[in-house]
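Colleague: Could you take a close look at one helix in this model for me? I would love to hear how its length works out, which way its residues face and what surrounds it.

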Amino acid sequence: MDRFNTRVAEFKDLLSADVIDRAKLHKLCFEGCPDTDGIRATCWKLLLGYIPWDTRQWNTELAKKRETYQQLMTEVIFNPHDTEEASGGEIVDHPLSLDSDSGWGRFFEDNTTLLQIDHDTRRLYPDISFFQMPTLHPQTSSGANKDSLRKRVERSCLPSQKVGTARNGIKNFSTTSKPERQPYVTLKDGEEAHWEVAERILFVHAKTYPGIDYVQGMNEILGPIYYVFSSHPDPTWQKYAEADTFFCFASLMTEIGDSFTRSLDQCKAGISGQLQKMMTLLKSKDPALYKHLTVTVKMDPMFFAFRWTTLLLSQEFLLPEVIRLWDSFFADEKRFAFLLHMCCAMMIVLRDQLLEGDFSTCMKLLQHFPSYDIQRLIQKGQDIGRFHPF
């Protein structure tokens, strides 16, 4: 307990300075952020570049970005019904319009993305109840058109259309509908579940950054960040968890977004380049294990490590363990080099079972990583990084 209190005091001293010592904070966070007094949430916002290292600028920067997010929601969460209501019921746009500026065309196109996001966020971290519980700060209570996305999600049938052009120039429409809704916690009128907040963040991000298409798995990246921010003990910081999460998620995606981009799979910045670095590291650390996986059982690392690296190990461990890992990932001066060290450590701690196993046994072990003490695993990753840096 004394050691814990000492660490908390160290963090508080650093965070209370006018200008935070970046090197010291990175070092402290790499060893794990205390889960108290909102320290972890503040540190993640610093490490992800959301707030400046000069604490005197925090209030101004936070107010500006939080207002920006409110504006983004108003602009991108669009419902043609709102336009009709504003015009006194007069139909100014038709659902079957082929006009490129048609609001209805935009609405149907958006629904294609919304269908996928909705499917993924409803089952976000099903092992805990947090994402099914109501948030204390629902956007629906603030009026305007911010509740239109919620209404679209709750409809039993959510039509979406993809428009294609045949060789003769005729446009073809293919329509899909949302499948039967999965059961979830029933909320009162005006309430929102945390998964709905996560859904809105992902939808706004997809619309704000069209160059980064939504891909299944992005919800797993968003989840831990939103959980940490919305668990802040300060009601004000908790109130703006949605906006803060949006910008931190956007910042993180600029760094790891290449892993979600199929066109970059074969380049050094893409997933193939990362997996090659990981296997090269394993070869230098444990040549026998490397030979067994690549030569004897002919295991393609894409079969198991694609998920590891793309989702930052968020599906391999329980949420508290993921959060602890991300303290180190975000504080890594060589941003995510430690992720590859951890992936290598995960293979090495299973060395005996892997060397005795055939293809199916190895695949099962690596795709379903067994329970393991997270601190010991992190220490193993640190040892690998110390003697085999990139």
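Modeller: Happy to! Helix H19 runs over residues 374–387, and because each residue should add 1.5 Å, its 14 residues are expected to span 20 Å; the C-alpha atoms at its ends lie 20 Å apart, in agreement. Bear in mind that this is a predicted model.

Now to the way the helix faces. Buried in H19 are Ile374, Leu377, Ile378, Gly381, Gln382, Ile384 and Gly385. These residues cover an arc of only 160 degrees around the axis, so they sit on the same side of H19. The spacing fits a general rule: an α-helix has 3.6 residues a turn, so residues three or four places apart point the same way. On the face turned away from that buried side, H19 carries the exposed residues Arg376, Arg386 and Phe387.

As for the surroundings, the buried residues of H19 are covered by parts that include helix H2 (22–30), helix H12 (271–285), helix H15 (319–331) and helix H16 (337–348). At the N-terminal end, H19 is capped by Asp373, which places a side-chain oxygen 3.2 Å from the backbone nitrogen of Gln375.

One of those covering helices, H15, also leads to a backbone detail you may enjoy. In the loop between helix H14 (305–310) and H15 you will find Leu313. Its phi is positive, near 65 degrees, although Leu313 is a residue other than glycine. Leu313 is also buried, with a relative accessible area of 0%.

Technical notes: Residues numbered from 1 in each chain as written. Predicted model: local features only at pLDDT ≥ 70, side-chain atom pairs only at ≥ 80, totals over all residues. Heavy atoms only, no water. Helix = DSSP H or I, 4+ residues; strand = E, 2+ residues; numbered from the N terminus. Expected span 1.5 Å × (residues − 1). Buried < 20%, exposed > 50% of the residue type's maximum accessible area, 1.4 Å probe, protein only. Arc of directions from axis to C-beta. Contact = heavy atoms within 4.5 Å. Polar contact = N/O pair within 3.5 Å; in protein donor to acceptor, adjacent residues only side chain to side chain.
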